[in-house]
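Me: Could you take a close look at one part of this model for me, the place where the two protein chains meet, and then follow it out to the DNA? I'd like one connected walk-through rather than a list.

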There are 2 protein chains.
Amino acid sequence: MPGHHPARGRRTTERKGDVRERAILDTCEALLARKGYDAMTIGDVAQGAGISRGALYFYFGSKQEVVTALVARTVEHLWERSRATAQTDDPRQAIATAMHRTVELWNEHGLVMRTAIDLSLTVAEIGELWNHTADLFIAAITAVLERAGVQAGTAPDQASAMARALCWMIERSFYHASQESREKLQEASATCEHIWLISAGLIT
Amino acid sequence: MPGHHPARGRRTTERKGDVRERAILDTCEALLARKGYDAMTIGDVAQGAGISRGALYFYFGSKQEVVTALVARTVEHLWERSRATAQTDDPRQAIATAMHRTVELWNEHGLVMRTAIDLSLTVAEIGELWNHTADLFIAAITAVLERAGVQAGTAPDQASAMARALCWMIERSFYHASQESREKLQEASATCEHIWLISAGLIT
DNA sequence: ATAAAAATCGACACGGTGTAGACTTTTTCT
DNA sequence: AGAAAAAGTCTACACCGTGTCGATTTTTAT
C-alpha cells in the first residue's frame, strides 16, 4: 500500500541492525547449545546470522561481547520475572512458589545460565551480571528465613549467611540437574526445597 | 666421581624427564594462579619450565593434557588424604572433622580445585576426575546422615539426595570463599557445617 | 664404547581472532 | 524526490597461539 504513513509519535523505525543483532544473539544461543562455547567460532555465528565475519564485528567487538550480550538479555528476563512475583505471608508457601519459579527459569534458560556461570570467572562483565542475579536470590531467601523465625544477621548461623549457602546449593544442584533432564531438575528442586524448609525450622 | 656405582636393587634412575614433567606441572600451577587458564599459553609454561615449546609437546600432547595432569596430581592427593581419615562414631564429631579437613584442602589446593571445576565441562577427563571426587564426598556425607538417623534412600528427602545437595552447597560456597580469603573460607565452613547439622537433625 | 632410547629444538602449517579500508544500502533531512 | 549522512557490509590482511615434523643432541643401558 503505497502512500501509507505509519502512525506518528511513535518510533516506527526498527533499524535493520536491530533485527540483525537479535539474529546474532539467537544464533549464538543455538550454537552454544549445539557446540559449546569453546568450539563455537565467530565465523559460525556470523554465518548463522547470514552475514560475514567482518560485518559481525560491526555489532560486537569480540566473541566475549556477543555472549555477554546474550547473557545480559537472558538475565534481564530473569529480573523482570522475579520482580513480577507475588509475595506471600506464609513462608512455606513462599518457598514452594520460589522453587517452582526457579525450576521454570532453569528449564527455559538453563543453557545460558550455565554458560553465564562458566564464564563468570573469565569474563568480568558476565561475572558482575551473575553476581547481581545471585544477590537478588540471596536477598529473597534471607527475607523468607527471617520471616520463618531465623535470627537476622550475618553470623554463620544467621539468616544472611545461611541464605548465601542455600543459594549456592540451589545454583549448583540445578546447574548439574538441568544438564541431565527435566525429571532430575524436578528431583533436585524437591531436595533443595526440603533442605530449605529444614533450615528455616519449618520441618522437624 | 668416576667408577661410582649407585646402589643396586633399587631404581636409582629418576629419568631426567620425570624432573621436567614435575617442573612443567609446577610452572603450570604457578601460571594458573598468576594469569588464569585462558591467558596462560603453552609457550609460557615451556619457558617457565626451561624448555622450548616443541620440547614440551614431548611430554604432553596439548594444553588440556597438561592441566589435566595437574588436576590428576592434586586430586590423587585429596583421595589419599581422605582415605587416611579416622572414622568417628559420633556424627557431630564426624561432621566437624570433615569440615575442618575440607577447609585445609581448599586452603592448600583451592586454585587447582577451582580450575578443575571450571574445566569440568570442557575437558571430559577432568570432568570424570572431579565427578569421582564429588562422589567420594557424597558417599561420606550420606553415611554421616544415615548414622544421624536420616532415612536411607534416594527420594528427595532421604539421605542420598540430601547428601548430593549438601555436597554442591559446600563445593560452591568454598569455591567462592576460597577466592576471597582464609577468613571467608572459615566463615563459609561454619555456615555449611551449621546447615549440615540441621539437615542431619542434630540441631533444633 | 656404543647403540638404542629419551629429550630437545627450530621451522612450519593451520585456524581463529580482530583490524582496515573501500564499497553499498538505508535513513534522514529538505 | 534527491542529496548528504549514517548505518551496514565485504574482502583482504596481520597477528598469535596451537600442534606437527624431522633433524639433532643428550642420556641411559650394556
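**Where chain B meets chain A**

Reply: Let's start with the charges: two salt bridges are found across the interface of chain B and chain A. Keep in mind throughout that this is a predicted model. One of those bridges joins the side chains of B:Arg172 and A:Glu171, with 2.9 Å from N to O. As a bit of background, side chains of opposite charge can pair when their charged atoms come close. Besides salt bridges, you can look for polar contacts, and between chain B and chain A these amount to four residue pairs.

Which elements of chain B give two or more residues to the side that touches chain A? They are α5 (91-119), α7 (159-180) and α8 (182-199). Of these, α7(B) gives the most, with twelve residues. By residue type, that side of chain B divides into 13 nonpolar, seven polar and six charged.

Now for the extent of the interface. There are 26 residues of chain B in contact with 26 residues of chain A, and the area buried between the two chains is about 2300 Å². Carbon and sulfur atoms give 67% of that area. If you want to know where to point the viewer on the chain B side, go to B:Leu121, B:Trp168 and B:Arg172: these three lose the most area to chain A, together 22% of what that side buries. B:Arg172 should ring a bell, since its side chain is the one that meets A:Glu171 in a salt bridge.

How do the two copies sit relative to each other? A turn of 180 degrees, with a shift of 0.0 Å along the axis, lays chain B on chain A with an RMSD of 0.0 Å. The two copies are thus related as by a two-fold rotation axis. To find that axis on screen, go to B:Met169: among the residues of chain B, its C-alpha comes closest to the axis, at 1.9 Å. The interface fits this picture: 100% of the interface residues of chain B are also interface residues in chain A, so the copies meet through the same surface.

Next, the DNA, beginning with strand C. Of the 19 residues around DNA strand C, the ones that come nearest are A:Arg53, B:Gly17, B:Arg20, B:Ser52 and B:Tyr59, so to speak a list with both chains on it. Sugar and phosphate account for 62% of the strand C atoms that come within 4 Å of the protein. A few phosphate contacts are worth zooming in on. A backbone N or O atom of B:Gly17 lies 2.8 Å from a phosphate oxygen of DNA strand C. From chain A, a backbone N or O atom of A:Ile42 is 3.3 Å from a phosphate oxygen of this strand, while A:Thr41 uses an N or O atom of its side chain, 3.2 Å from a phosphate oxygen. The elements that give two or more residues to the surface near strand C are α3 (53-59) of chain A together with α1 (16-35) and α3 (53-59) of chain B. The largest share, four residues, comes from α3(B). That surface divides into six nonpolar, six polar and seven charged residues.

Over at DNA strand D, 20 residues are around the strand, and A:Gly17, A:Arg20, A:Ser52, A:Tyr59 and B:Arg53 come nearest. Here sugar and phosphate account for 65% of the strand atoms within 4 Å of the protein. A polar backbone atom of A:Ser52 is 2.7 Å from a phosphate oxygen of DNA strand D, and a polar backbone atom of B:Ile42 is 3.2 Å from a phosphate oxygen of that strand. B:Arg53 reaches a base: a polar atom of its side chain lies 2.4 Å from a base oxygen of DNA strand D. The elements giving two or more residues to this surface are α1 and α3 of chain A together with α3 of chain B, and α3(A) gives the most, with four residues. By type, the surface near strand D divides into six nonpolar, six polar and eight charged residues.

One last stop, back with the salt bridges. A search of the whole structure finds 15 of them over all chains. Among them is the one between the side chains of A:Arg73 and A:Asp26, at 2.9 Å from N to O. A:Arg73 lies in helix α4 (residues 63-83) of chain A and A:Asp26 in helix α1 (residues 16-35), so this pair ties together parts that are 47 residues apart in sequence.

Conventions. Residues are numbered from 1 along each chain as its sequence is written. Chains are lettered from A and ligands numbered from 1 in the order in which they are written. This is a predicted model: local features need pLDDT of at least 70, side-chain atom pairs count only at pLDDT 80 or more; totals for chains, interfaces and linings use all residues. Side-chain values use heavy atoms; hydrogens and water are left out. Copies are superposed by least squares on the C-alpha atoms of residues with pLDDT of at least 70 in both. Contact means heavy atoms within 4.5 Å. Buried area is the accessible area (1.4 Å probe) that two parts lose on being put together, summed over both. A salt bridge is a side-chain nitrogen of Lys or Arg within 4 Å of a carboxyl oxygen of Asp or Glu. A polar contact is a pair of N or O atoms within 3.5 Å; within protein, one must be able to donate a hydrogen and the other to accept it, and residues adjacent in sequence count only if both atoms are side-chain atoms. Ala, Val, Leu, Ile, Met, Phe, Trp, Tyr, Cys and Pro count as nonpolar, Asp, Glu, Lys and Arg as charged, and the others, Gly among them, as polar. A residue is near a molecule or strand if one of its heavy atoms lies within 4 Å of it.
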